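Q: Please take a close look at the empty space in this structure, and describe what lines it and which parts of the chains contribute.

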Amino acid sequence: MYSDLLDQAKSLATLDAKKPKQANLRRAISSTYYALFHFLVEEECRLIIGTQHGQLPYRQVLGRAFEHQTMKEACGSFSGGTLKAAVAKGLPPQFTILGPIKSIARTFVDLQEKRHLADYDRTERFLRSDVLTLVEQVESVIEEFSALAATNEKKFFLACLLAWKSLARR
Amino acid sequence: MSAMGKIRAALDLKTLELPEKPRIVAVEVEEYVDWYGDDALRVWVILAEEEDVAQISGKAVLALKNKIHESLLKDGIKAFPYISLLKASERIVSVDEE
């Protein structure tokens with residue numbers, strides 16, 4: 001679904017040849033955010049449930065458990081390159097946050113904020129350059145993240161998107 | 001140096017060593033509070049007018065934004081930078097946009 005949402009975002013952002021309509025740019029931002037949101041949710045659900053076609057209903061049901069704010073908090077921590085002590089406690093000393101994980105986490109935090117502004121803040125004005133470069137950025141982080149081997153660091157990041165609230169308050 | 005002075009120093013185009021492409025003519029920053037009430041920054045990266053946005057790759061955007069984020073972190077600035085790319089000409093507001 002995420003690639004359809006990115007195509008939709010590109011179409012919306014380029015719909016008006018001259019001056020882009022704010023409504024189209026706002027919807028483009030929202031579609032771009034949801035492309036990344038659903039990509040990350042699907043990645044984690046595949047990890048937990050499995051990747052087979054017959055497991056799809058289980059992945060879809062589990063996908064409903066993800067919370068935007070929890071994901072933002074987890075990504076905010078990963079984006080800084082170090083995890084708070086309560087989360088990092090017990091991780092192997094060699095644990096590092098790999099570049100593609102930092103990049104996708106940063107992109108998620110940035111886009112979620114812009115999605116809030118696009119959907120709820122009428123005082124915010126969106127620009128085509130920013131929207132189009134964001135769409136490209138999301139394609140790039142998804143590509144990088146997908147190419148990353150299923151290391152423990154990658155699996156832990158994905159698990160944190162679901163479990164962050166419980167982990168961070170221990 | 002004030003907190004904002006430290007932030008501006010971290011984002012000084014002369015020392016930031018941004019990738020050559022796309023060409024950037026200015027980096028502007030403001031303090032910001034995000035949707036959840038967390039202290040953050042808004043950063044505007046001003047592209048040169050001759051840049052064709054359709055030709056800027058996602059990798060180039062990512063390299064640029066990561067460089068800005070890392071420069072802030074290197075100087076101990078933990079506020080999240082919400083970064084936007086734009087051309088100065090796009091700032092001219094038109095009444096028929098809505």
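A: What follows describes the cavity, then the pocket, and then a helix pair in chain A. The model is a predicted one, with an ipTM of 0.92 and a pTM of 0.95; for chain B the mean pLDDT is 91, and 94% of its residues reach 70 or more.

Rolling a probe the size of a water molecule over the atoms shows where empty space is left. When the whole structure is searched, one cavity of 30 Å³ or more is found, and its volume is about 100 Å³. Both chains take part in the lining: chain A brings A:Ser103, A:Arg106, A:Thr107, A:Asp110 and A:Gln137, while chain B brings B:Leu62, B:Lys65, B:Asn66, B:His69, B:Phe80, B:Pro81 and B:Ile83. The elements that give two or more residues to this lining are helix 6 (99-120) of chain A and, from chain B, helix 3 (58-74) and strand 3 (80-87). By class, the lining of the cavity comprises four nonpolar, five polar and three charged residues.

The largest pocket, in turn, has a volume of about 530 Å³. Its lining is made up of 22 residues, and those that lie nearest its centre are A:Glu73, A:Gly76, A:Ser77, A:Ser79 and B:Lys78. At least two lining residues each come from helix 4 (68-79) of chain A and from strand 2 (39-47), helix 3 and strand 3 of chain B; helix 4 of chain A gives the most, with six residues. The lining of the largest pocket divides into eight nonpolar, seven polar and seven charged residues. Helix 3 and strand 3 of chain B thus appear in the lining of the cavity and also in that of the pocket.

Turning to the helix pair, the axes of helix 2 (residues 22-49) and helix 7 (residues 128-147) of chain A come within 9 Å and cross at roughly 10°, and the two helices are therefore roughly parallel to each other. On the side of helix 2 of chain A, the contact involves A:Leu25, A:Ala28, A:Ile29, A:Thr32, A:Leu36, A:Phe39 and A:Glu43, which meet A:Arg128, A:Val131, A:Leu134, A:Val135, A:Val138, A:Val141, A:Ile142, A:Phe145 and A:Ser146 of helix 7 of chain A. The residues of this helix contact comprise 12 nonpolar, two polar and two charged.

Definitions and conventions
Residues numbered from 1 in each chain as written. Chains lettered and ligands numbered in written order. Predicted model: local features only at pLDDT ≥ 70, side-chain atom pairs only at ≥ 80, totals over all residues. Heavy atoms only, no water. 1 Å grid on protein atoms, 1.4 Å probe; cavity = no way out; pocket = protein on both sides within 12 Å on 5 of 7 lines; lining within 4 Å. Points joined across faces, edges and corners; volume = space filled by probe spheres on them. Helix = DSSP H or I, 4+ residues; strand = E, 2+ residues; numbered from the N terminus. Nonpolar A, V, L, I, M, F, W, Y, C, P; charged D, E, K, R; others polar. Axes fitted to C-alpha atoms, helices over the stretch in contact; angles between N-to-C directions. Parallel < 35°, antiparallel > 145°, perpendicular 65-115°, else oblique. Contact = heavy atoms within 4.5 Å. pLDDT = per-residue confidence, 0-100.
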